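Let's take a walk through a protein model together. Keep the 3D view open while you read.

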Amino acid sequence: MEHLYRFDYTRNAWLDSEHSTCRGLSARPWDLIDRCMSRLTGMWAFVAMAFVAATLAASFKLLPATAALIASAYDAHTVGRWGSFVGVQNYLELLRDEQFWHSVEVSLCYACGVVAGSLAIGMWLAAALRRKSALADILCVGFMLPILMPGVVAATVWRWLLDPYFGEVDRLLRPVGLGGYAWLQDPHLALGALIAVGTWKEMGLAMAILLASLRRVPVELEEAATLDGGGALVRWLHILLPLLRPAVALVVLTSLIQSMETFTPYLVLTGGGPAGATQGWTLDLYRTGFETLRLGYGSAMAVLVGGLLVPILALSWSYMRRQWAAAA
Amino acid sequence: MNHARASNVRHVAPFAVNGRPRLMRQARDTLRVLSVITRWALLVALFGAAVGPYALMVVGSLQTGIGIQVHPGILSDAGAQWQNYREAWGQLQFGRMLLVSVLAATTITIAQTCSATVTAFALARARFAGRRLAMGAFLSSLLVPAPLTWLPAFAIIHALGLVDTYWSLVLPFVVGPTSTLLVFTYLGSIPRDLEDSAIVDGSGAWGLLRFVIVPLAAPMLRIVACLTFLFAWSELFWPLLVTQSSTLRTLPVGLTYFQGEIDTQWQLLMAGGVLTTIPPILVAGLLLRGLARPPLTR
């Protein structure tokens with residue numbers, strides 16, 4: 001391969017192995033690396049690496065998943081020990097555990113809120129920025145910025161902005177008559193504030209996926225509808241939304257998984273408070289597993305909620321593949 | 001131009017143009033103008049909501065301790081307090097955390113992108129015994145929700161004796177099933193003709209990977225690297241779990257810890273936040289520059 005790609009700039013001609021002026025060492029180090037690699041490796045090397053990678057993936061994904069299934073039948077209290085076998089005891093206790101069910105409820109509320117919010121805002125933004133222009137590009141970049149802010153920083157900034165005494169949000173909302181609320185300290189408002197912050201972070205991604213899909217819709221379809229006398233409503237209901245359905249499904253499923261697995265906002269924004277009002281199931285799992293060290297019980301929690309997420313993950317991947325097939 | 005002429009026509013024919021009374025048409029025009037205005041107002045408001053926290057974070061990081069409580073959005077008369085950054089740097093042990101974060105995130109990004117490329121190449125192009133098994137391992141790994149693996153993965157790291165070491169931060173993320181599948185799917189969409197001609201010209205497997213696959217899949221590889229870096233940089237849960245010593249704190253972990261310790265000094269937290277946000281923006285800008293269209297359309 002290397003003789004195809006090595007070009008002798010001094011003679012302005014391609015080098016091949018017979019007429020090469022520098023047989024042993026080539027001038028550029030990466031040529032040497034290529035030469036060595038092409039001598040040393042064959043397809044077998046990549047196949048071997050694929051097996052190593054598969055083993056690693058299995059040992060940090062499949063093995064833990066299986067271990068969690070098994071551990072949920074034991075009452076482990078120390079890391080590395082199974083403890084004694086208790087059968088379905090953990091699950092029975094879990095069914096009566098009000099704190100756990102409350103945390104699942106909190107997580108579901110959060111996930112549904114974030115999905116609905118980011119989908120609605122993302123859809124509206126995609127529709128508004130559909131026509132390509134320099135301004136639309138700039139706005140797009142602006143809306144994508146929240147994704148780039150690390151979750152912890154976003155949570156910190158919003159904790160400051162939502163402060164009841166000197167937060168900017170309070171200052172902005174006071175003229176509207178919504179001043180004086182302790183957004184993160186009021187048990188009735190805290191989850192709503194969390195959802196708002198989550199939506200702020202996720203809406204850019206929803207917009208990007210929907211916008212990409214929306215811009216692929218051929219103009220002719222809409223022109224035909226307009227000629228037949230269809231208004232904006234008809235165009236959206238009968239042409240755009242059906243065509244956008246895979247993209248919408250992708251947005252809903254991926255952000256549903258994201259927000260069901262999220263941990264940072266619960267920990268950093270509210271710490272699960274006030275009085276457990278915003279303790280999502282991931283935070284509950286963390287506290288059960290690593291603070292009170294009830295590992296078997298924690299595993300049962302993970303299996304119960306994780307089992308709910310598996311079909312969503314499977315669906316999201318099937319949509320992802322379909323989206324890919326359409327794009328390619 | 002057309003519009004002006006149309007209004008002249010309306011003047012001549014006061015009753016109806018296009019079979020509609022003038023008043024109704026005017027009402028419709030007014031409505032349209034109003035809807036355009038609301039749309040732009042809403043766009044600007046949303047843009048402000050998206051970018052505002054960024055701007056406020058930067059301004060807040062330059063405030064005095066009192067200024068940030070009195071008027072967070074406006075710089076105080078004392079001017080920009082650049083020493084906040086120096087203070088945050090010293091007080092939060094920022095240099096150390098930055099080093100750990102950069103090292104861990106870079107290692108994860110490079111390792112995961114390389115492993116994804118090689119694995120996807122082997123799985124997509126080679127026929128070998130056990131290919132279905134390896135594919136199955138990756139595909140079923142995709143279906144495992146992250147929280148399900150938290151407790152046992154910690155036990156595995158514990159069993160390997162890696163708790164509170166640099167390797168515990170990196171090892172679970174060396175191989176990413178998601179990245180691998182993204183590259184794998186992308187390779188499926190690349191025509192094989194180029195590879196065939198390279199093989200005819202005497203290329204080996206390395207030549208194929210280095211000179212055909214990597215250049216052709218470059219857009220996807222860049223996206224995968226960017227996503228991996230963003231994930232690795234902002235990951236909080238895993239580093240919080242596997243490291244205890246303060247010398248191994250990543251930036252997110254450090255910021256979380258210091259929330260409790262320097263709660264009232266928001267200007268320092270904001271300075272830390274600004275410094276933590278710069279690398280992902282830089283990396284995303286560098287990696288995604290030139291990919292004009294958004295990821296999923298390529």
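What follows starts with chain A as a whole and then moves on to its aromatic rings and their partners.

Keep in mind that this is a predicted model. Chain A has 14 helices and 2 strands, and of its 328 residues, 50% count as buried. If you take contacts in chain A between residues at least 6 apart in sequence, 62% of them join residues at least 24 apart.

Now look at the outside. The accessible surface of chain A comes to about 15,900 Å², and 66% of that belongs to carbon and sulfur atoms. One spot to find is a nonpolar surface patch made by A:Val88, A:Leu92, A:Leu95 and A:Trp101, with about 390 Å² of accessible area together. A:Trp101 sits in helix H5 (residues 98-128) of chain A and has a relative accessible area of 37%, so it counts as partly exposed.

On to the rings. Over all chains, the whole structure holds 22 aromatic pairs. Take A:Tyr286 and B:Phe237: their ring centres are 5.6 Å apart and their planes meet at 75°, so this pair is edge-to-face. The pair crosses between chains, from helix H13 (residues 281-291) of chain A to helix H13 (residues 237-242) of chain B. Both A:Tyr286 and B:Phe237 are buried.

For another arrangement, try B:Phe229 and B:Trp233, whose centres are 5.5 Å apart with planes at 20°, so they are stacked. These two are about one helical turn apart because they lie 4 residues from each other in helix H12 (residues 218-234) of chain B.

Charges get in on it too: A:Arg294 lies over the face of A:Tyr297, 4.1 Å from the ring centre.

Key:
Residues are numbered from 1 along each chain as its sequence is written. Chains are lettered from A and ligands numbered from 1 in the order in which they are written. This is a predicted model: local features need pLDDT of at least 70, side-chain atom pairs count only at pLDDT 80 or more; totals for chains, interfaces and linings use all residues. Side-chain values use heavy atoms; hydrogens and water are left out. Buried means under 20% relative accessible area, exposed over 50%, partly exposed in between (1.4 Å probe, protein chains only). Contact means heavy atoms within 4.5 Å. Accessible areas come from the Shrake-Rupley method with a 1.4 Å probe; for residues, only the protein chains shown count as cover. Patches are made of residues with over 30% relative accessible area and no salt bridge: like charges are joined within 9 Å, nonpolar side chains (Val, Leu, Ile, Met, Phe, Trp, Tyr) within 5 Å. A salt bridge is a side-chain nitrogen of Lys or Arg within 4 Å of a carboxyl oxygen of Asp or Glu. Rings of Phe, Tyr and Trp (its six-membered ring) pair if their centres lie within 6.5 Å; planes under 30 degrees apart count as stacked, over 60 as edge-to-face and the rest as tilted. A charge sits over a ring if NZ of Lys or CZ of Arg is within 6 Å of the ring centre and within 35 degrees of the ring normal.
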